[in-house]
Each structure stands twice: as structure tokens, then as C-alpha cells.
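Q: Please take a close look at one strand in this structure. I would like to know its surroundings and its partners, and then a residue or two in detail.

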Amino acid sequence: MTYPAAVIICSDRAAAQVYEDRSGPIAASALETAGFTVAHRVIVPDDPEQIRQAIWDAVVTAGARVVVTSGGTGVSPTDVTVEVTRELITYELPGLMEEVRRRGSQIQPLALLSRGVAGVLVFDDAKRALVINAPGSRGGVRDTMAVVGPLLTHIVEQLDGADHDMTLPDSAPHP
């Protein structure tokens, strides 16, 4: 089964067409290699409301089960993607981005400056989805997708309750 996915580029310069987005195609290709269909791609400036709306639209309107953002994860004053994502997620999956930073830092020490998070989005009238904040660089996106790509189908299946009796209330004892 294939699932819909989205790629959101968060960059003032790419949104203003000062330069061409080169990380988005890498994220989209990696998602397709992982068996996902990229149903939604957008470039937005480093503006909290536009980032928030883009993530919402990807999940609620386009039905994305995985949303990969690229950009806005560093220490610049305009890097706000992480803060917006933290506002939206119901819970974080810290191990994913810890491993991205660990692997990336073996090649490029600057990878440790990424503050990207991964977490689960739970919006009314939409299926649960995973959001992942990749750095804005091509290498950062490659590192991120190398870690999370092989896990994405399993994560979405788990978000849908695979191997779990979803009729039981939360935290109910299992027979």
C-alpha cells in the first residue's frame, strides 16, 4: 500500500525565488523510494503562520500521512520551523532526530546545530500523521531521509493501530 506524503520547504530565499529549492526534490525522491506518493509540495517563507498553515493543509486537505519540512531548523533568528512544529505535534519521537544528528555529525559537525524534531500530528477530521523537520541543506535532507525513510511505512501502520486492538480504550489491559 502506498501513502500520501508532503514536502514543505521553509525558506525566505527559496520562497522569494532568490535561489532554486534543491532540498525539496531530494526529500520527494526519498519519500517515493520509501513507497510514498508525494501529493503536496509547497515552498513557504520563514513565517510561523504560513508554516503552520502549510503543515495543516498537507495533513487535513491533502491527506498526507508523512510531512517532511526542510529548513528553519538552525540557530538563525529566522529559523522558526521547529517552534511551529512543536506547537502542532501531539507527541515527539526524539530518537529519530537524535540519530539524524548523530549520523550527520560524523560527516559534517554542523549537523549538531539542527534543532529539528519529529512527532505525531493529530488533527480533527484527518488521519494521524508524522512530521519530520529536516535541515535546509541537501546533505541534511539526505541524512534525515536515510534514517527515517526505512521506518516510514511501519510508523504510518502503527499510527493506524497495526497489531493493536483499537477498540480497547487507551491504556486498557490487554487480554
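A: A strand here is a DSSP run of E with at least two residues, and strands are numbered from the N terminus. S70 is found in one of these, strand β3. Keep in mind throughout that the model is predicted.

Start with the strand as a whole. β3 spans residues 66–70. The strand is mostly covered, with five of its five residues buried. Cover comes on both faces. V66, V68 and S70 are buried on one side. V67 and T69 are buried on the other.

Next, the pairing. β3 pairs with strand β1, residues 3–10, in the parallel sense. Five bridges link β1 and β3. Within this pairing, V67 of β3 stands opposite A6. β3 also pairs with strand β6, residues 129–134. That pairing is parallel too, and it runs over five bridges. Here S70 has A134 of β6 as its bridge partner.

Now S70 itself. Its relative accessibility is 1%, so S70 counts as buried; the cut-off for buried is under 20%. The side chain of S70 makes a polar contact with the side chain of S23, at 2.8 Å. Beyond residues up to four places away in sequence, S70 touches I8, I9 and C10. S70 also touches S23, A134, P135, G136 and V141. A134 therefore appears twice for S70: as a contact and as the bridge partner in β6.

One of those contacts, I9, deserves its own look. I9 lies in strand β1, which pairs with β3. I9 has a relative accessible area of 5%, so it is buried. Leaving aside neighbours within four places in sequence, I9 is in contact with S70 and S23, among others. The list also includes A14, D21, G24, V42, I43 and V44. I9 and S23 are 14 residues apart in sequence. Their C-alpha atoms are 7.9 Å apart in space. S23 thus links back to S70 through the 2.8 Å side-chain contact.

Finally, look past the strand. V75 lies in the loop between β3 and α4, residues 81–88. V75 has 63% relative accessibility, so it counts as exposed; exposed means over 50%. V75 forms a nonpolar surface patch with L110 and L113. Together the three have about 310 Å² of accessible area. So the buried S70, at 1%, is followed in the loop after β3 by an exposed valine, V75, at 63%.

Key: Residues are numbered from 1 along each chain as its sequence is written. This is a predicted model: local features need pLDDT of at least 70, side-chain atom pairs count only at pLDDT 80 or more; totals for chains, interfaces and linings use all residues. Side-chain values use heavy atoms; hydrogens and water are left out. Buried means under 20% relative accessible area, exposed over 50%, partly exposed in between (1.4 Å probe, protein chains only). Helices (H or I, at least four residues) and strands (E, at least two) are DSSP runs, numbered from the N terminus. Two strands pair if DSSP finds at least two bridges between them. Patches are made of residues with over 30% relative accessible area and no salt bridge: like charges are joined within 9 Å, nonpolar side chains (Val, Leu, Ile, Met, Phe, Trp, Tyr) within 5 Å. Accessible areas come from the Shrake-Rupley method with a 1.4 Å probe; for residues, only the protein chains shown count as cover. A salt bridge is a side-chain nitrogen of Lys or Arg within 4 Å of a carboxyl oxygen of Asp or Glu. A polar contact is a pair of N or O atoms within 3.5 Å; within protein, one must be able to donate a hydrogen and the other to accept it, and residues adjacent in sequence count only if both atoms are side-chain atoms. Contact means heavy atoms within 4.5 Å.
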